[in-house]
Amino acid sequence: TWGSSTQSSGPYTGPTGTTLPNALTTSAVVRPDGTLRCYQPYGQEGLLLADLDHFKSIKDRFGHGAGDFVLQIFADCAAAKLGPYDMIGRLGGEEFAILLYDAGRDKALAIGERIRLSFEDAASEVDGFEVGGTVSMGMAVCEDGVLDMSSMLAQADEALYCAKERGRNRIEAASLQMALDRAHEEMNRPGAMAPAAAQNHA
């Protein structure tokens with residue numbers, strides 16, 4: 001048996017019963033343009049997008065019960081490293097979002113690294129089996145007190161993609177250069193469409 005976990009779908013519910021979507025609606029004001037203004041007096045928020053590495057392989061090798069248990073291990077490791085105003089939610093599958101209050105780039109990276117190391121240790125061997133679970137993360141930071149979750153999720157997703165491409169089991173922070181590099185890669189991908197402006201001038 002793989003522990004006592006029964007979580008298999010839906011958002012992870014932390015020790016206080018708070019999920020990320022619910023917490024956002026109670027800690028922020030939705031503006032007409034769809035952005036969120038935080039009630040908290042802090043000026044910075046960090047977002048970590050976490051995706052468990054090789055999760056399908058873990059389920060294929062050890063079964064779905066093992067996969068559920070590994071998900072719970074990650075959720076527990078992450079929750080243990082969070083502050084009272086931080087939030088964690090499962091987005092689906094093996095992907096989680098972690099919202100960090102009063103966290104600039106350095107603090108968010110430090111928290112993410114503590115979570116990564118804790119999970120790597122806890123999921124290396126589970127119930128006597130060498131599972132070797134690890135996690136990749138992408139990070140984005142909001143520094144002006146206005147939480148545009150769509151934009152932050154997009155930035156964190158770009159950073160997560162970069163973490164996967166660079167070998168997994170690591171954290172990458174979103175940056176303008178990263179976005180430019182990704183756009184350049186897409187433009188040079190075989191079969192990619194030329195930008196509209198370039199087509200107009202062809």
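In this predicted model, the crossing of helices H3 and H4 is right-handed. Two packed helices are described by the angle between their axes and the distance between the axes. For helix H3, residues 64-80, and helix H4, residues 105-122, the angle is about 140 degrees and the axes lie 9 Å apart. H3 is therefore oblique to H4, since angles over 145 degrees would be needed to count as roughly antiparallel.

On the H3 side, the contact is formed by Val-70, Ile-73, Phe-74, Cys-77 and Ala-78; H4 contributes Ile-115, Ser-118, Phe-119 and Ala-122. By character, the residues of this contact comprise 8 nonpolar and 1 polar, with no charged residue.

Some of these residues reappear in the interior of the model. The largest nonpolar core holds 33 residues, and those touching the most other members are Leu-52, Phe-74, Ile-98, Leu-100, Ile-115, Phe-119 and Met-137. Two or more residues of this core come from each of the helices H2 (55-62), H3 and H4, and from each of the strands S3 (45-52), S5 (95-101), S6 (135-142) and S8 (171-173). H3 supplies the largest share, with 9 residues.

Leu-52 illustrates how sequence-distant parts meet. Neighbours within four places in sequence set aside, Leu-52 is in contact with Val-70, Leu-71 and Phe-74, as well as Glu-94, Phe-119, Thr-134, Val-135 and Lys-164. Apart from the largest core lies another, of 12 residues, including Leu-47, Leu-49, Ala-140 and Leu-160.

Technical notes:
Residues numbered from 1 in each chain as written. Predicted model: local features only at pLDDT ≥ 70, side-chain atom pairs only at ≥ 80, totals over all residues. Heavy atoms only, no water. Axes fitted to C-alpha atoms, helices over the stretch in contact; angles between N-to-C directions. Helix = DSSP H or I, 4+ residues; strand = E, 2+ residues; numbered from the N terminus. Parallel < 35°, antiparallel > 145°, perpendicular 65-115°, else oblique. Left-handed = near helix turned anticlockwise from the far one by under 90°. Contact = heavy atoms within 4.5 Å. Nonpolar A, V, L, I, M, F, W, Y, C, P; charged D, E, K, R; others polar. Core = buried A, V, L, I, M, F, W, Y, C linked by side-chain atoms within 4.5 Å. Buried < 20%, exposed > 50% of the residue type's maximum accessible area, 1.4 Å probe, protein only.
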